[in-house]
Amino acid sequence: MRWRVLFVVVVATTAGCSAIDGGAADPSTVTPVPVPDEAPESGPGATVVPGVWADGRVDIGLLADAQAAVLANRSFRWRAERNWTGTVGNVTSSAETYDEIALENETRFSRDATMFLTHPKDAFYARYSQYANGSVQFARAQSYSWWRARYDRSPVVPNRDRIVRSTTAAVQRYLTVETVRVDRVSVEGKTMYRLVGRNATGLGGSMMENYSVRAHVRPDGLVRNLTASYTTVQAGSTEHVRYRFTFSQIGTVTVRQPPWVETARSRHENGTTRPIQ
């Protein structure tokens, strides 16, 4: 089987997950203090960060490119979480999913996520984990249709660009709005820009209600954290979604071997010849 993996932001209603240790702090707990000094921007035509103007206009492509440039040669930890609650008639169900990445360098990284998809016609992975140690990479996958986890081992494939694209894709998806309110703030003693937006144009459509997004962006264009929420109503069903991601340990990450790797190693002593995709 050739594993071609894509992280799915919009999850199936039957999804579930278990939490993992070491998650990033909830960005909603950050309490920025407004900076009393006047911002250096001289008017609505000024750019406060790459792709964001003082008057609230956003070029999401420029902002995503700036984030990718910041992460090009830095280690980081990134964690995204999605909470879904749905009601049909009198029946309510819920699901929580996550995607956590730790990247030390081009060939040393780990990823642990729920709700991966190999192909639109295939089954979801209920859990997918990956670890690369510089020369070899391992994978563990669990599908809703499999009774046990499957493991794989292969030569390491440099994966920085693909991993970084996971973080910029989230920016493009959730910060694609008509306009944002821009405030210059101080968070943990550092200047950032708080973006608050509504009226999403990048997802949902006419059935979406009460969309809101809030993010803290560094002057260099890194979206340090983001929280979005919305409701969809269609054919008697109501869905409430809350999504958030947070960066941490930028430039200071040391990737450690997950416990499951020893099992993967013992089951594939001679390795395989195909890279994991």
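Here is a short walk through this structure, strand by strand. Keep in mind that the model is predicted, so a good place to begin is with how confident the predictor is.

Averaged over the protein, pLDDT comes to 80, and 75% of the residues score at least 70. Among the elements, helix α1, at residues 60-71, has the highest mean pLDDT, 97. Down at the other end is strand β1, residues 6-7, with the lowest mean, 30. Two stretches are also worth flagging. Over residues 118-123 pLDDT stays under 50, and the model gives that stretch seven contacts beyond four places in sequence. Residues 272-277 stay under 50 too, but for them the model has 23 such contacts.

Now for the strands. Let's start at β5, which covers residues 76-88, and see what lies beside it. One partner is β6, residues 91-105: the two strands run antiparallel and are joined by 13 bridges. If you'd like a spot to look at, find arginine 77, whose bridge partner in β6 is alanine 102. β5 and β6 form a hairpin with two residues between them, and in that turn glycine 89 has a positive phi of about 65°.

Keep following the chain from β6 and you get another hairpin, this time with β7, again with two residues between the strands. β7 takes in residues 108-113, and its antiparallel pairing with β6 has six bridges. Here leucine 103 is matched with phenylalanine 109 in β7.

Back to β5, since it has another partner to meet. Strand β16, residues 237-248, runs antiparallel to β5, and twelve bridges join them. Across this pairing, arginine 82 stands opposite tyrosine 243 of β16.

β16 in turn pairs with β15, residues 223-234, in the antiparallel sense over ten bridges. Threonine 227 has arginine 244 in β16 as its bridge partner. β15 and β16 make a hairpin as well, with two residues between the strands; alanine 235 there takes a positive phi near 50°.

One general point helps when you look along strands like these: in a regular strand, side chains alternate between the two faces of the sheet.

Last stop: tryptophan 53, which is found in strand β4, residues 52-53. Is tryptophan 53 buried or exposed? Its relative accessibility is 19%, so tryptophan 53 counts as buried, the cut-off being under 20%. Tryptophan 53 and valine 180 are 127 residues apart in sequence, yet their C-alpha atoms are 9.2 Å apart in space.

Terms used
Residues are numbered from 1 along each chain as its sequence is written. Side-chain values use heavy atoms; hydrogens and water are left out. Two strands pair if DSSP finds at least two bridges between them. Helices (H or I, at least four residues) and strands (E, at least two) are DSSP runs, numbered from the N terminus. Buried means under 20% relative accessible area, exposed over 50%, partly exposed in between (1.4 Å probe, protein chains only). pLDDT is the predictor's confidence in each residue, from 0 to 100. Contact means heavy atoms within 4.5 Å.
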